[in-house]
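Take a moment with the chain shown below. Turn it around and follow the backbone from one end to the other.

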Amino acid sequence: LFYVYLFLQEIRNPLYMYHHFHLADVIKIRLQMQLAGQRGNLVGMGAIFTQMVEREGPRSLYLGFAPALTRSLIYGGLRLGLYEPCKHVCSYAFGSTNFAFKFASGVVAGALATALTNPMEVLKVRSQMSTSRISTIGVMREIVSEEGVKALWKGVGPAMVRAGCLTASQMATYDEAKQVLLMWTPLEEGFQLHLMSSCIAGTAGTLVTAPIDMIKTRLMLQRESKGARVYRNGFHCAYQVVLTEGVKALYKGGFATFARLGPQTAITFVACEKLRELAGMSAI
C-alpha cells in the first residue's frame, strides 16, 4: 500500500518541484558546459540566467521539462521504493543494517533506477543545451537517426554511479542523521527532525555527486556524428577535465546543483515520511 502512496506522491511532487526548480537544472547544465576543454573566467548563475532570458527568451528556462518530468515520475519512485527492500535484504543476509549496508542499499536502488531512465536523461540534457525549439520526440528522432539507438544510453555508466552515490548519500545520511539528532538533541520524530535531516542529506548528496554529474553531462552531450570523440569514457572525461580546465572544474554548476537538489531532497523526504505515517508504516 505504501508504494502505491509513494508512486502517487511521485506524480504530484515533480509537478510542484520542477515548476519551481527546473530552471536551476537548466542553468546547471549550461554552467557545466562553460569553457569545455579550456581554462578561463567562469560566469555565475545570475549571468547565465540573464543571457538565456535576453538571447533565447524566458521559455528557454524550461527547456527539457517534458523528459525531466517523465524521468522523475519513474526514477523517483523506483529509487525510493527500492531502498527499503534492499536494506531488508542486507538485514536478512548479514544480520546488520549499519551505515555501510545502508549506503550499499542506496547504491543498488539508485543505479537500477537510472539504468532504466537514462534515455530520458539524455533527451533532457540535449534539449537543455539546444537553442532550437525542437520537440522531445524530434530530439529523440535526431539522436537515433544520426547516432543510433545506443546513443540513448550514452553516459549510463557515470549516470548509474552518480545516481547510486546520490541515493546512497541521501538515504544513508538521512537515516544516520535522524538517529544522531534523536540521540543528541531534544528533537522527536516529526516535521522538524525530518526537515533538518533532509537538509543534511541534500548537502551531502550535492558534495558527493556534483563532479560525477558534470562528467555525465559532458558524455551525454558528446555527439558521435560530429567528428572524433573527445571523451572515451567517464574516467577519461574526468582526466581531460582536470588536465585542461583544472580540478575546480569538476564542481562547475555546483551551487546550481544544490539550489535544485537541496529543496528537492527536503520536500521528498518530508513527504515520504508523511506518506509512511499515513500508510501505517514506521519512519525511515
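Helices here are DSSP runs of H or I with at least four residues, numbered from the N terminus. With that rule, α4 covers residues 99-129 and α5 covers residues 136-147. Keep in mind that this is a predicted model.

**The largest pocket**

Start with the largest pocket. It holds about 280 Å³ of space. Its lining is made of 16 residues. R126, M129, L221, Q222 and R223 lie nearest the centre of the pocket. Which helices each supply at least two residues of the lining? Both α4 and α5 do. The largest share comes from α5, with three residues. By type, the lining has nine nonpolar residues, three polar ones and four charged ones.

**Repeats in the record**

The UniProt annotation, from an unreviewed entry, marks "repeat: Solcar" over residues 1-89, 97-180 and 189-278. Look at residues 97-180. This stretch is 81% helix and 0% strand. The C-alpha atoms at its two ends are 15 Å apart.

**Helix α3**

Helix α3 runs over residues 65-94 and has 30 residues. How far should α3 span at 1.5 Å a residue? The expected value is 44 Å. The end C-alpha atoms of α3 are 42 Å apart, which agrees with the expected span. There is a bend of about 30° in α3, at S72. Just after α3 comes G95, with a positive phi of about 70°.

One general point helps when reading any helix. An α-helix has 3.6 residues a turn, so residues three or four places apart point the same way.

**Two residues to find**

Now pick out Y92 and T131. Y92 lies in helix α3. T131 sits in the loop between α4 and α5. Are they buried or exposed? The cut-off for exposed is over 50% relative accessible area. Y92 has 77%, so Y92 is exposed. T131 has 63%, so T131 is exposed too.

Each of them can be paired with another residue of the chain. The table gives the separation in sequence and the C-alpha to C-alpha distance in space.

| Pair | Apart in sequence | C-alpha to C-alpha |
|---|---|---|
| Y92 and R59 | 33 residues | 50 Å |
| T131 and M52 | 79 residues | 9.7 Å |

Read the rows one by one. Y92 and R59 are 33 residues apart in sequence, and 50 Å apart in space. T131 and M52 are 79 residues apart in sequence, but 9.7 Å apart in space.

Definitions and conventions:
Residues numbered from 1 in each chain as written. Predicted model: local features only at pLDDT ≥ 70, side-chain atom pairs only at ≥ 80, totals over all residues. Heavy atoms only, no water. 1 Å grid on protein atoms, 1.4 Å probe; cavity = no way out; pocket = protein on both sides within 12 Å on 5 of 7 lines; lining within 4 Å. Points joined across faces, edges and corners; volume = space filled by probe spheres on them. Nonpolar A, V, L, I, M, F, W, Y, C, P; charged D, E, K, R; others polar. UniProt positions renumbered as here; feature names shortened; annotations may be inferred. Expected span 1.5 Å × (residues − 1). Bend = angle between axes of the 7 residues up to and from the residue. Buried < 20%, exposed > 50% of the residue type's maximum accessible area, 1.4 Å probe, protein only.
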